[in-house]
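Biologist: Could you walk me through this model and tell me how each label is earned? I'd like the reasoning as well as the values.

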Amino acid sequence: MRQHVIVFDVNETLLDIEILGPFFARTFGDARVMRQWFSELILYSQALTLSGEYVSFGSLAVAVLNMVAAIRGISIAPGDIDDFKDHMSRLPAHPDVVPALELLRDAGFRMVTLTNSAPDAGRAVLQKAGLHQYFDRQFSVDMVRRFKPAPETYASVASALGADASTLRLVAAHTWDTLGALTAGWKAALLTRPGNASLPVGQQPDIIDQDLLALARKIISTDQ
């Protein structure tokens with residue numbers, strides 16, 4: 001029997017971006033602007049890929065922050081940018097992450113990550129969150145310089161692992177990510193954290209849940 005590999009998205013799936021809320025409340029006067037910034041960050045990462053351009057995800061995150069500030073007529077000081085970068089570098093794990101990863105590890109699954117973040121930044125934030133030891137490898141879109149859900153990104157992971165696409169399962173909190181994985185021939189499990197939901201068009205994940213531990217149990221019963 002071929003070993004199944006679980007490929008985890010990182011930001012929001014494993015790590016809680018809500019820690020950024022106080023920064024946006026202080027800088028923009030409204031913590032909800034964080035969601036606008038994050039949505040625009042994903043939008044423009046994909047726009048860059050479609051147009052053949054590429055910059056690091058961290059650089060793009062700061063550029064989008066400045067763009068949202070300009071739209072809202074807000075002036076951001078250099079110290080604010082430093083504070084933002086500091087928060088981004090130490091995103092904490094969601095409470096359900098460690099129990100879910102331990103359950104999957106004990107069940108014999110091999111686990112890796114795939115993130116839009118640059119390699120060094122992606123490794124550092126997982127280490128600070130105390131999660132790095134659960135993953136055999138940590139992959140970045142920087143390998144192909146194309147942000148998810150570009151097909152080349154998923155193909156590069158399968159190639160690096162020497163794995164058939166059908167043995168890979170993505171776990172992500174974003175439908176745009178699961179769409180990319182499913183199109184690449186992977187399986188997918190959608191984690192519907194607050195602010196995320198399934199999209200009733202296109203290929204659908206066979207596993208959906210709002211809690212990662214419950215999602216892990218469903219993966220074990222389905223893939224073993």
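Modeller: Gladly, and bear in mind that this is a predicted model. Let's begin with helix H3 (residues 57-72) and helix H4 (residues 78-88), which pack with their axes 11 Å apart and at an angle of about 135 degrees.

Biologist: Why are H3 and H4 called oblique to each other?

Modeller: Angles over 145 degrees count as roughly antiparallel and 65 to 115 as roughly perpendicular, with the rest, once those under 35 are set aside as roughly parallel, being oblique. The angle for H3 and H4 is about 135 degrees, so the pair is oblique. As for handedness, H3 passes H4 in a right-handed crossing.

Biologist: Which residues of H3 and H4 meet?

Modeller: From H3 come Ala61, Val62, Leu65 and Asn66, and they meet Ile81, Phe84 and Lys85 in H4. By class, that contact of H3 with H4 has 5 nonpolar residues, 1 polar and 1 charged.

Biologist: What makes H1 roughly antiparallel to H4?

Modeller: The axes of helix H1 (residues 21-28) and H4 cross at roughly 165 degrees and come within 10 Å. Anything over 145 degrees counts as roughly antiparallel, and therefore H1 is roughly antiparallel to H4. The crossing of H1 past H4 is left-handed. In this contact Phe23, Phe24 and Arg26 in H1 meet Asp80, Asp83 and Phe84 in H4, and the residues divide into 3 nonpolar, no polar and 3 charged.

Biologist: How do you know whether His87 is buried or exposed?

Modeller: His87, found in helix H4, has a relative accessible area of 11%. The cut-off for buried is under 20%, so His87 is buried. Leaving aside residues up to four places away in sequence, His87 touches Ile19 and Leu20.

Biologist: And what about His132, in the loop between helix H6 (119-128) and E3? Why does His132 count as partly exposed?

Modeller: Its relative accessibility is 32%. Buried would need a value under 20% and exposed one over 50%, so His132 counts as partly exposed. Not counting residues up to four places away in sequence, His132 touches Leu126, Gln127 and Gln138. The C-alpha atoms of His132 and Val112 are separated by 9.5 Å, and the two residues are 20 apart along the chain.

Biologist: Let's turn to the sheet. What is the strand order, and how are the strands paired?

Modeller: This is an open sheet of 6 strands in the order E3-E2-E1-E4-E5-E6, with parallel pairing.

Biologist: What makes strand E3 (137-140) and strand E6 (207-209) the edge strands?

Modeller: Each of E3 and E6 pairs on one side only. On average, neighbouring strands of this sheet are turned by 20 degrees against each other, direction ignored.

Biologist: How do you know that E1 pairs with E2 and with E4?

Modeller: A pair needs at least two bridges. Strand E1 (residues 5-8) and strand E2 (residues 110-115) have 4 bridges and pair in the parallel sense, with Phe8 facing its bridge partner Thr113 in E2. Another 4 bridges join E1 to E4, also running parallel, and there Val5 stands opposite Leu168 in E4.

Biologist: Why is strand E1 said to be covered on both faces?

Modeller: In a regular strand the side chains alternate between the two faces of the sheet. In E1, Val5 and Val7 lie on one side and Ile6 and Phe8 on the other, and all of them are buried.

Biologist: How many bridges support the pairing of E5 with E6?

Modeller: Strand E5 (residues 187-191) and E6 pair over 3 bridges, in the parallel sense, and Leu191 stands opposite Asp209 in E6. Helix H8 (residues 175-183) packs on the sheet, where H8 touches strand E4 (168-172) and E5, and its direction makes about 170 degrees with that of E5.

Biologist: Last one: what is notable about phi of Glu12, and why does Glu12 count as buried?

Modeller: Phi of Glu12 is near 80 degrees, a positive value in a residue other than glycine. Glu12 lies in the loop between E1 and H1. Its relative accessibility is 3%, and buried means under 20%, so Glu12 counts as buried.

Notes: Residues are numbered from 1 along each chain as its sequence is written. This is a predicted model: local features need pLDDT of at least 70, side-chain atom pairs count only at pLDDT 80 or more; totals for chains, interfaces and linings use all residues. Side-chain values use heavy atoms; hydrogens and water are left out. Helices (H or I, at least four residues) and strands (E, at least two) are DSSP runs, numbered from the N terminus. Axes are lines fitted to C-alpha atoms, for helices over the stretch in contact, and angles run from 0 to 180 degrees between N-to-C directions. Contact means heavy atoms within 4.5 Å. A crossing is left-handed if the near helix is turned anticlockwise from the far one by less than a right angle, and right-handed if clockwise. Ala, Val, Leu, Ile, Met, Phe, Trp, Tyr, Cys and Pro count as nonpolar, Asp, Glu, Lys and Arg as charged, and the others, Gly among them, as polar. Buried means under 20% relative accessible area, exposed over 50%, partly exposed in between (1.4 Å probe, protein chains only).
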